[in-house]
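The exercises below are meant to be worked through with the sequence and the coordinates side by side. Try each task before reading the solution that follows.

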Amino acid sequence: TGLDFYYDNSPRDVQEASFRVHIEAARQTGLPIIVHTREADEKTIEILLEEHDKGPFSGLIHCYTAGPEMARVALHIGFFISFSGIVTFTNAGDLLAIAETVPLDRILVETDAPFLAPVPMRGKRNEPSFVVHTAAKVAQLKGQTPEAMARITSDNFFTAFAKAKAA
């Protein structure tokens, strides 16, 4: 769920109303929401804060590309922040700075497959096995080993998605 003002394929007011309905469903069910936001950071922040004031709900910001204010708000309301292969790109300067500030217990990594393959797989169709490269970059930024980052992000996944069961 979330807001995507990049293509404007759906009217913004419809997107905003749907986003609020999904948040209420998350609040009622205790399930996390996975928030997509593109070219809509200001409105996403506004809705997240307004809805959080009505009662807590959990979730994460997926495929994080927003600025520091979105990270601050997401962390403030208890969300996780998930980084995709974008964090490995040579032009990811601002994103790297944000990744460095996210607490270890709030970081996730993802593929966003089939898009956004990380370096060194850039240009290929992304797949789940490539997430190791994203995790390695985040580990480097956080001063962790790749193995430690794998444990951290796995633990965070099971915290964020409490109904999932570890094997």
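**Exercise 1: a pair in helix α1**

E24 has a relative accessible area of 30%, so E24 is partly exposed. The model is a predicted one, and the task is to find how R27 is paired with E24 and how the two are placed in helix α1.

Step 1. R27 forms a salt bridge with E24, and the closest N and O atoms of this pair are 2.3 Å apart.

Step 2. Helix α1 covers residues 12-29, and because R27 and E24 are 3 residues apart in it, about one helical turn separates them.

Step 3. The relative accessible area of R27 is 18%, and buried means under 20%, so R27 is counted as buried.

Step 4. The pair belongs to a network of salt bridges that links R20, E24, R27, E50, E51 and K54.

**Exercise 2: two pairs in helix α2**

Describe the salt bridge between K54 and E51, then the one between K43 and E46, and classify each residue by its accessibility.

Step 1. The side chains of K54 and E51 meet at 3.0 Å, N to O, and both residues lie in helix α2, 3 residues apart, or about one turn of the helix.

Step 2. K54 has 59% relative accessibility and therefore counts as exposed, whereas E51, at 3%, counts as buried.

Step 3. K43 and E46 form a salt bridge at 3.0 Å, N to O, and they too lie in helix α2, 3 residues apart, about one turn of the helix.

Step 4. K43, with a relative accessible area of 24%, is partly exposed, and E46, at 31%, is also partly exposed.

**Exercise 3: the faces of helix α6**

Test whether the length of helix α6 agrees with its number of residues, and work out how its buried residues are arranged around the axis.

Step 1. Helix α6 has 15 residues (146-160), which at 1.5 Å a residue should span 21 Å, and the end C-alpha atoms are 21 Å apart, so the two values agree.

Step 2. The buried residues of α6 are A148, M149, I152, T153, N156 and A160. Because these buried residues fall within an arc of 125° when seen down the axis of α6, they line one face of the helix.

Step 3. E147, R151 and D155 are exposed on the other side of α6.

Step 4. The buried residues of α6 pack against β4 (80-83), β5 (107-109) and α5 (131-142).

Notes. Residues numbered from 1 in each chain as written. Predicted model: local features only at pLDDT ≥ 70, side-chain atom pairs only at ≥ 80, totals over all residues. Heavy atoms only, no water. Helix = DSSP H or I, 4+ residues; strand = E, 2+ residues; numbered from the N terminus. Expected span 1.5 Å × (residues − 1). Buried < 20%, exposed > 50% of the residue type's maximum accessible area, 1.4 Å probe, protein only. Arc of directions from axis to C-beta. Contact = heavy atoms within 4.5 Å. Salt bridge = Lys/Arg side-chain N within 4 Å of Asp/Glu carboxyl O.
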